[in-house]
Amino acid sequence: MFRQGNHAELSSALDAIGSSLAIFELQGGAGHFRLVSANTLYEEITEKPVSECIGKTLIEVLPRYVEKQLKVFFQNCLNEQISQESEMVIERDGVTRWWRIIASPVFSVGDDHKRVINTCIEITDKKLLERQLNITRQRFQAVIENAYDGIITIDEKHTIKLMNEAARDIFGVSETEVLGSSLNRFIPLRYRTKHSEYVASFRGSAVDARPMHSRVAVTGLRADGSEVPLEVAISKIRVGADTEMTAVLRDISERARLIDELSRAATQDALTGLYNRRFTTGILSKELERCRRFKRNMGIAMIDLDDFKKINDTYGHIYGDAVLKIMAEILSKNVREIDTSCRWGGEEFIVLLPETDLEMAAAWAERVRKVIASAHVKSHDGQAIRVTASFGVAATNGEGHTLETLMQKVDKALYSAKENGKNCVCGL
């Protein structure tokens with residue numbers, strides 16, 4: 001019927017079909033396709049009554065840009081003798097509509113195949129939805145890629161599915177080398193087992209996200225092998241039957257550095273690197289309490305560089321600072337691990353000597369005094385300057401001493417050493 005019938009013979013059969021459908025026939029040598037028949041739904045394509053279009057060519061019933069596309073489409077269908085499928089856009093009066101078009105050859109007796117069945121299915125809603133989804137996807141990608149924090153998404157096998165630019169910058173990798181790789185490459189070896197257990201526990205928990213204010217600190221591994229401190233907030237995203245994990249990362253290297261600097265500033269003397277007076281006072285209080293509780297001895301030495309003002313006045317404060325640093329080095333090299341060295345202030349130093357009585361403290365002080373006296377510091381003009389120090393030592397088992405009275409005692413011993421000609425040790 002479709003091979004030979006005309007519109008009068010075919011229209012009722014075509015109207016029974018629930019899609020826009022038409023039959024076109026290739027005219028002789030003109031290369032034009034003439035409309036043989038169509039159902040009323042095809043008027044969605046022609047926007048004219050089908051009865052007015054029967055016998056007319058494509059160019060007479062459709063816009064030129066549509067006619068060109070369909071002409072090539074139909075010709076390919078006949079040439080290859082197989083069904084063809086494509087998409088077509090028709091815009092009229094400012095309204096755009098998308099159609100899925102199918103061309104199927106009508107096989108006739110012999111080799112004279114000239115008819116094509118054209119089926120059109122409107123996909124405007126689908127296209128609009130795809131466009132909206134694409135806009136949403138682009139917006140999402142823009143937000144992710146331009147986020148200040150690093151963002152990483154992994155699947156249940158810890159395979160990286162997404163890693164934004166900030167995260168790639170943190171770890172020093174490119175997009176092409178990271179997608180599809182394991183998250184373990186960014187976790188130091190010593191933490192990998194524990195991290196896997198944590199992720200598995202979180203995946204199985206009833207909690208879907210850890211809020212940003214409850215970030216946890218972790219350590220990441222950069223591509224160059226260096227480690228980076230991070231804050232992490234995580235969440236679960238269910239994708240079909242799978243559960244993906246997304247982590248929001250923040251590089252806290254600068255904060256960690258500042259905290260470390262503040263910690264050092266709170267405990268260390270900036271010039272010598274020894275403990276400062278405030279921190280040492282706390283240690284001294286604890287040591288006194290330990291001595292008192294367990295009936296143990298503790299020695300304490302107060303050291304003062306002799307004639308330090310004269311050194312500063314003669315050679316300048318830069319040279320004076322160099323002398324203080326050398327003094328700190330000598331003390332550090334001549335104390336035990338349990339001892340505490342401190343720059344008490346100016347040119348004064350304190351050394352706490354746990355498990356040490358007065359005799360042992362005096363012997364230690366005498367040994368260190370000789371080391372200092374034998375050291376020579378060169379001035380800016382190459383002159384070797386001899387530096388000496390006076391030592392006051394005291395000891396306590398904690399009984400009858402407070403922090404104040406102990407410091408008064410050792411200060412008095414140091415005063416005696418100064419009165420006795422300096423460069424000596426006095427104990428009380």
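This is a guided tour of a predicted model, moving from one sheet and its packed helices to a set of strands elsewhere in the chain.

**The five-stranded sheet**

Begin by selecting β11, β12, β13, β16 and β17, which form an open sheet of mixed pairing in the order β12-β13-β11-β16-β17. The edges are taken by β12 (340-345) and β17 (425-427), and because each has a single partner strand, one side of each is left without a neighbour in the sheet. If you look along the sheet, the twist from one strand to the next averages 20°.

Now restrict the view to β11 (residues 298-305) and β13 (residues 348-354), an antiparallel pair joined by seven bridges. Within this pair, D304 can be found opposite E348 of β13.

**Helices on the sheet**

Add α11 (residues 277-294), which lies across β11, β12, β13 and β16 (389-396) and runs at about 130° to β12. Then add α13 (residues 317-333), a helix that packs on the sheet with contacts to β11, β12, β13 and β16, its direction making about 155° with that of β11.

Keep α13 in view and bring in α12, whose axis comes within 7 Å of the α13 axis and crosses it at roughly 140°. This crossing makes α12 oblique to α13. To see the contact itself, show the side chains of F308, I311, N312 and Y315 in α12, which meet H317, Y319, G320, V323 and L324 in α13. Sorted by class, the residues of this contact are six nonpolar, three polar and no charged.

**The largest nonpolar core**

Which residues of the largest nonpolar core touch the most other members? They are L305, L331 and W364, in a core of 27 residues. Two or more residues are given to this core by each of β11, α12 (308-315), α13, β13, α14 (358-374) and β16, and α13 supplies the largest share, with seven residues.

Centre the view on W364 and display its contacts; leaving aside residues up to four places away in sequence, W364 touches A301, L331, N334, V335, V351, L353 and F391. A second, separate core of 26 residues is the next thing to find, and F24, L35, L62 and F73 are included in it.

**Around strand β5**

Move next to β5 (residues 115-122), a mostly covered strand in which six of the eight residues are buried. One antiparallel partner of β5 is β1 (residues 20-26), joined to it by six bridges, and here I23 stands opposite I117 of β5. Strand β4 (residues 95-106) also pairs with β5 in the antiparallel sense, over eight bridges, with R100 opposite I121 of β5.

From I23, step across to S37, a residue of strand β2 (residues 33-38). Is S37 buried or exposed? Its relative accessibility is 0%, and S37 therefore counts as buried. Not counting residues up to four places away in sequence, the residues that S37 touches are H7, L10, S11, L14, A22, I23 and I54.

**A hairpin to finish**

The last selection is β6 (residues 150-154) with β7 (residues 160-163), two antiparallel strands joined by three bridges. I154 has I160 of β7 as its bridge partner. Five residues lie between the strands of this hairpin, where H158 takes a positive phi near 65°.

How values were computed: Residues are numbered from 1 along each chain as its sequence is written. This is a predicted model: local features need pLDDT of at least 70, side-chain atom pairs count only at pLDDT 80 or more; totals for chains, interfaces and linings use all residues. Side-chain values use heavy atoms; hydrogens and water are left out. Two strands pair if DSSP finds at least two bridges between them. Helices (H or I, at least four residues) and strands (E, at least two) are DSSP runs, numbered from the N terminus. Axes are lines fitted to C-alpha atoms, for helices over the stretch in contact, and angles run from 0 to 180 degrees between N-to-C directions. Contact means heavy atoms within 4.5 Å. A nonpolar core is a set of buried Ala, Val, Leu, Ile, Met, Phe, Trp, Tyr and Cys residues joined through side-chain atoms within 4.5 Å. Buried means under 20% relative accessible area, exposed over 50%, partly exposed in between (1.4 Å probe, protein chains only). Angles under 35 degrees count as roughly parallel, over 145 as roughly antiparallel, 65 to 115 as roughly perpendicular and the rest as oblique. Ala, Val, Leu, Ile, Met, Phe, Trp, Tyr, Cys and Pro count as nonpolar, Asp, Glu, Lys and Arg as charged, and the others, Gly among them, as polar.
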